[in-house]
Amino acid sequence: MSQQRTSLQARRAPQVRWGGRDGSASTSSHAAHTFSALASYVFAALRLNIVLAVGALPLVLLLLLAADPFSAPPALLASVYLAMPVVTVAFCAFRDSPAFRIGLSAREGAGEDSWWRSWPEQSLLRPALHVLRRTGLRTLGGTALPMGLALVLVIDAQWALGHALGSVLVPAFLLGAALALVTAFNTTALISERAAAPWHVLLRIAAFSVLRSWPLSLLNLAVMMIAVMGLTWQPLLCWVLASSLVLYVIWAGARWSILPTVRPRAS
């Protein structure tokens with residue numbers, strides 16, 4: 001009789017215990033781990049914003065000192081092009097730094113092709129300099145063609161404004177410049193994945209992924225437009241607080257579009 005009563009009480013007991021010594025300890029441990037991961041992410045993002053500001057110094061100075069930096073597209077696009085190496089650094093950090101991998105194991109990004117495998121988990125400056133040395137020139141070479149094409153198309157759009165067919169040509173030129181800009185960011189995402197790939201392979205995959213994953217390309221364009229509006233309103237504040245967040249969204253869309261063409265390395 002006592003055994004039947006014990007079995008009945010066991011069946012009526014709740015499957016999940018809230019409160020109590022074990023439940024409260026488990027809940028507080030989970031909350032502490034979540035808060036620690038979130039604090040690590042925010043701290044790493046703020047440090048990365050400083051790295052981005054230093055690496056993109058021409059762009060930052062143009063945004064701060066020019067009365068209307070968007071009135072001179074050649075200077076603006078040239079400064080964006082010079083900032084592409086540090087964008088690759090940010091993409092590599094998003095891919096491999098444990099501080100940006102909330103909810104994932106700290107060892108998941110520590111494979112053979114990880115940029116962070118030889119550095120402590122919270123390290124940022126030294127691996128960033130390592131990435132910059134390894135990928136800086138490749139990024140400038142790989143993004144030269146799409147950024148140059150974007151510059152030519154923007155200048156053509158300015159020229160077409162004063163002509164009869166401007167209402168037709170200007171949207172076409174601006175759309176082409178936007179696609180070239182997205183291709184440049186996809187190229188940097190590819191370099192963060194496979195830095196040793198030839199330039200023509202990087203450009204072909206990046207351009208194809210822009211057209212194939214056009215919803216993600218439109219999303220990245222929308223994020224870029226919002227970033228431009230924020231930089232026009234308050235350049236320094238938006239850069240310090242949101243530059244890594246904007247690049248994270250762009251990197252996520254670019255990486256999702258290129259991953260089907262990136263084969264894993266052999267162990």
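This is a guided tour of a predicted model, stop by stop, with a suggestion of what to select at each one.

**Before selecting anything**

Residues are numbered from 1 along each chain as its sequence is written. Because the model is predicted, local features need pLDDT of at least 70 and side-chain atom pairs count only at pLDDT 80 or more, while totals for chains, interfaces and linings use all residues, and side-chain values use heavy atoms, with hydrogens and water left out.

**Stop 1: the whole chain, coloured by confidence**

Begin with the protein chain coloured by pLDDT, which is the predictor's confidence in each residue, from 0 to 100. The chain averages a pLDDT of 80, and 77% of the residues score at least 70. Select residues 12-21, where pLDDT stays under 50 and where the model has 3 contacts (heavy atoms within 4.5 Å) beyond four places in sequence. Then select residues 105-110, where the pLDDT is also below 50 and where the model has 7 contacts beyond near neighbours in sequence.

**Stop 2: the fold in cartoon view**

Switch to a cartoon, and the secondary structure comes to 10 helices and 0 strands; these elements are DSSP runs numbered from the N terminus, with helices being H or I of at least four residues and strands E of at least two. Among contacts between residues at least 6 apart in sequence, 71% join residues at least 24 apart. Of the 267 residues in the chain, 42% are buried, where buried means under 20% relative accessible area, exposed means over 50%, and partly exposed lies in between, using a 1.4 Å probe and protein chains only.

**Stop 3: the surface and its nonpolar patch**

Now show the surface: the chain exposes about 15500 Å², of which carbon and sulfur atoms supply 69%, with accessible areas taken from the Shrake-Rupley method with a 1.4 Å probe and, for residues, only the protein chains shown counting as cover. Select L38, V42, L46, L57, L61, L64, L65, W233, L236, L237, V240 and L241, which form a nonpolar patch with about 1200 Å² of accessible area together. Patches are made of residues with over 30% relative accessible area and no salt bridge, with like charges joined within 9 Å and nonpolar side chains (Val, Leu, Ile, Met, Phe, Trp, Tyr) within 5 Å. Helices α2 (20-55), α3 (57-65) and α10 (235-258) each supply at least two residues of this patch. One patch member to label is V240, which sits in helix α10 and counts as partly exposed at 39% relative accessibility.

**Stop 4: the aromatic cluster**

Stay with helix α10 and select F94, Y248 and W251, which form one aromatic cluster. Rings of Phe, Tyr and Trp (its six-membered ring) pair if their centres lie within 6.5 Å, and planes under 30 degrees apart count as stacked, over 60 as edge-to-face and the rest as tilted. The whole structure holds 3 aromatic pairs. In one of them, the rings of F94 and Y248 have centres 5.0 Å apart and planes at 75 degrees, so this pair is edge-to-face. F94 lies in helix α5 (residues 84-96) and Y248 in helix α10, so the pair ties together parts that are 154 residues apart in sequence. F94 is buried, with a relative accessible area of 2%, whereas Y248 is partly exposed at 26%. Y248 also pairs with W251 in a tilted arrangement, 5.4 Å centre to centre with 55 degrees between the planes; both residues lie in helix α10, 3 residues apart, which is about one turn of the helix. W251 is buried, with a relative accessible area of 8%.

**Stop 5: a buried threonine in α7**

Select T188, which lies in helix α7 (residues 166-193) and counts as buried at 0% relative accessibility. Leaving aside residues up to four places away in sequence, T188 touches M84, V87, T88, F91, T139 and T143.

**Stop 6: the salt-bridge network**

Side chains of opposite charge can pair when their charged atoms come close. A salt bridge here is a side-chain nitrogen of Lys or Arg within 4 Å of a carboxyl oxygen of Asp or Glu, and by this rule the count comes to 3. Select R95 and D96, whose closest N and O atoms are 2.8 Å apart; R95 is buried at 7% relative accessibility, and D96 is buried at 4%. Add E193, whose side chain meets that of R95 in a salt bridge of 3.0 Å, N to O, linking helix α5 with helix α7 across 98 residues. E193 is itself buried at 6% relative accessibility. Finally add R255, which meets E193 at 2.4 Å, N to O, and this pair links helix α10 with helix α7, 62 residues apart. R255 is partly exposed, with a relative accessible area of 24%. Through shared partners, these salt bridges join R95, D96, E193 and R255 into one network.
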